[in-house]
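Grab a pencil and work through these exercises with the model open beside you. Try each task before you read its solution.

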Amino acid sequence: MVRFVLWIGGGLLALAALGLAGFLAFAPPYFDNKMNAVVAHDPYAVSAEARALHATIPVADLHADSLLWNRDLLKENNRGHVDLARMREGGMFLQVFTAVTASPAGQNYTQNDADAPDRITTLAKAQRWPMRTWNSRVERALYQAEKMEGFAAEDDLFVIAEDRIILDELVLLRRYQQRFAELDGDPERWAKEMGPLASIEASYLETPVVVAILGIEGLHALDGDLANIDRLYDAGYRLMGLHHFFDNKLGGSLHGTSGAGLSDFGRQAVAMMRERDIIIDVAHSSEQTARDVLAMDAGPVVISHTGFNGHCESPRNISDALMAEIAADGGLIGVGFWSDVVCDASPAGIADAIIYGIENFGVDHIALGSDFDGTVTTALDASEMAALTQALMDRGVPDEDIRKVMGGNTVRFFMENLPSE
């Protein structure tokens, strides 16, 4: 009888273990696929003219949360929005990869309690992240940086840019790659035109370079310790958002309960960040927080993924008046790809939001801020960026303006504002 009971108990434990293993194997990819969906659609028609223009653009995007998911970015995936193959197919040159470290249960755009249960804790455990990440937000950010370093180590042309010098070199390499393509990849023509520079290995000319810049979505990732700014900087983070969906020690979130501006701790953090040439992202910050940052001369700032309230009224979008202040300070505004911020998330709808931004805040201040892989549903993934170039052309936007908003502004901004070394 005892043996029978022990056998039954052991069998139940084995079944439980199998069930847990199955959950860990299948649940995270399921939720990745479900929460980062692309609306089913026929292939977008892109004209030869639009493709030719798109090929000249260093396409750049200010916000993707791809590092949150257990997805190998070096392999072409059938879920989510971003991987290296799709970025190259879409002509992307630069992507900001942003570390998400906390997200409250019941998350919404109007009001979230900072003490609500955290969904990223559950996700970290389900995805079998290292135990050090389970109860530490800063360790979650450091782990996501390590993941990016691992991808970059395996592909010489997937490069993390931490300073202006590196980015400048990568911009130059991209120009060489473009010229090599214009010469039809003919080694003899290349050698004749480039002379000594023709010694660049063919593999570096034939495979498009893709640049990664690391960002933080909310400085609750400091775990309340200003010294962690240096830990995150040393890990490669160069753009730091002050908030996500809840108030934190730095001050008020756009979606928190206080509506407050910067706290004393927040002012200290901003001052430390600017001493290190860390770019500040005010996406998700309260309007008062953003104004407090501007008043500290801490700009130019980025609002990495958003829409325009005058174009698409939404609690996710800040006022046009504040947008104007950000632009006047030299800031950069990333237009999102999901319906809550642009109302119409089709390529044509995103183009309409971009045009509203150009007309109201100036073409030099408008960029792309997709929020790819940020638990949003989009109408395109990274491989389909040419559809947006086509949509802007269809709206009559001049070619030079298309080059700016599709990537030129973002590349220029980072070349001007990343640390010098």
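**Exercise 1. Place a serine**

Task: Work out where Ser-314 lies, and decide whether Ser-314 is buried or exposed.

Solution: Keep in mind that you're looking at a predicted model.
- Step 1: Find the loop between S7 and H12; Ser-314 lies there.
- Step 2: Check the relative accessible area of Ser-314, which is 9%. The cut-off for buried is under 20%, so Ser-314 counts as buried.
- Step 3: Look for its partners. Leaving aside residues up to four places away in sequence, Ser-314 touches Asn-309 and Asp-340.
- Step 4: Now try a long jump. Leu-123 is 191 residues from Ser-314 along the chain, and the C-alpha atoms of the two are separated by 28 Å.

**Exercise 2. Follow the sulfur**

Task: Say how many disulfides the structure holds, and describe which parts of the chain the pair links.

Solution:
- Step 1: Count them: the structure holds one disulfide.
- Step 2: Name the partners. Cys-312 and Cys-343 form the link, with their sulfur atoms 2.0 Å apart.
- Step 3: Trace the chain. The two cysteines are 31 residues apart and the pair links distant parts of the chain. Cys-312 sits in the loop between strand S7 (302-306) and helix H12 (320-328), while Cys-343 sits in the loop between helix H13 (339-342) and helix H14 (347-361).
- Step 4: Look down the S-S bond. The angle about it is 85°, and the link of Cys-312 and Cys-343 is right-handed.
- Step 5: Check burial. Cys-312 has a relative accessible area of 1%, so Cys-312 is buried.

**Exercise 3. Two helices and their ends**

Task: Find which residues cap the N-terminal ends of H4 and H7, then see what comes just after H4 and H7.

Solution:
- Step 1: Start with H4. Asp-118 is the cap here: one of its side-chain oxygens lies 3.2 Å from the backbone nitrogen of Ile-120.
- Step 2: Go to helix H7 (residues 187-194). Asp-186 does the capping, with a side-chain oxygen 2.9 Å from the backbone nitrogen of Glu-188.
- Step 3: Check the other ends. Arg-128, just after H4, takes a positive phi of about 60°. Just after H7, Gly-195 has a positive phi of about 60°.
- Step 4: List the buried residues in H4 (residues 119-126): Ile-120, Thr-121, Leu-123, Ala-124 and Ala-126.
- Step 5: Use a rule of thumb on that list. An α-helix has 3.6 residues a turn, so residues three or four places apart point the same way.

**Exercise 4. Into the core**

Task: Find which residues have the most contacts inside the largest nonpolar core.

Solution:
- Step 1: Get the head count: the largest nonpolar core has 95 residues. Phe-97, Leu-232, Tyr-237 and Ile-354 have the most contacts inside it.
- Step 2: Ask which element gives the most to this core; H14 does, with eight residues.
- Step 3: Zoom in on Ile-354. Apart from residues up to four places away in sequence, Ile-354 touches Val-335, Ile-366, Leu-368, Leu-388, Leu-392 and Val-405.
- Step 4: Don't stop there. A second, separate core has 24 residues, including Leu-62, Phe-93, Leu-167 and Val-171.

**Exercise 5. Empty space**

Task: Describe the lining of the second largest pocket and of the largest cavity.

Solution:
- Step 1: Take the pocket's volume: about 370 Å³ of space lies in the second largest pocket.
- Step 2: Look at its walls. They're made of 17 residues, and Ala-55, Arg-174, Gln-177, Gln-178 and Pro-208 lie nearest the centre.
- Step 3: Sort the lining by element. Strand S2 (92-100), helix H6 (164-182) and helix H8 (202-206) give two or more residues to the lining of this pocket. H6 has the largest share, five residues.
- Step 4: Turn to the largest cavity, with a volume of about 30 Å³. Its lining includes Leu-254, His-284, His-305 and Arg-316.

**Exercise 6. One more pair of loops**

Task: Decide whether Ser-66 and Gly-374 are buried or exposed.

Solution:
- Step 1: Find Ser-66 in the loop between strand S1 (59-64) and helix H3 (84-89). Its relative accessible area is 1%, so Ser-66 is buried.
- Step 2: List what Ser-66 touches beyond four places in sequence: Leu-73, Val-82, Phe-97, Phe-372 and Asp-373.
- Step 3: Find Gly-374 in the loop between strand S9 (366-368) and helix H15 (386-394). At 12% relative accessibility, Gly-374 is buried too.
- Step 4: Apply the contact search to Gly-374: outside residues up to four places away in sequence, Gly-374 touches Asn-36 and Asp-65.

Terms used. Residues are numbered from 1 along each chain as its sequence is written. This is a predicted model: local features need pLDDT of at least 70, side-chain atom pairs count only at pLDDT 80 or more; totals for chains, interfaces and linings use all residues. Side-chain values use heavy atoms; hydrogens and water are left out. A disulfide is a pair of cysteine sulfur atoms within 2.5 Å. Helices (H or I, at least four residues) and strands (E, at least two) are DSSP runs, numbered from the N terminus. Buried means under 20% relative accessible area, exposed over 50%, partly exposed in between (1.4 Å probe, protein chains only). A polar contact is a pair of N or O atoms within 3.5 Å; within protein, one must be able to donate a hydrogen and the other to accept it, and residues adjacent in sequence count only if both atoms are side-chain atoms. A nonpolar core is a set of buried Ala, Val, Leu, Ile, Met, Phe, Trp, Tyr and Cys residues joined through side-chain atoms within 4.5 Å. Contact means heavy atoms within 4.5 Å. On a 1 Å grid over the protein atoms alone, a cavity is a set of points where a 1.4 Å probe fits but cannot get out, and a pocket is an open set with protein on both sides within 12 Å along at least five of seven lines; lining residues have an atom within 4 Å of a point. Grid points are joined across faces, edges and corners, and a volume is the space filled by probe spheres set on the points.
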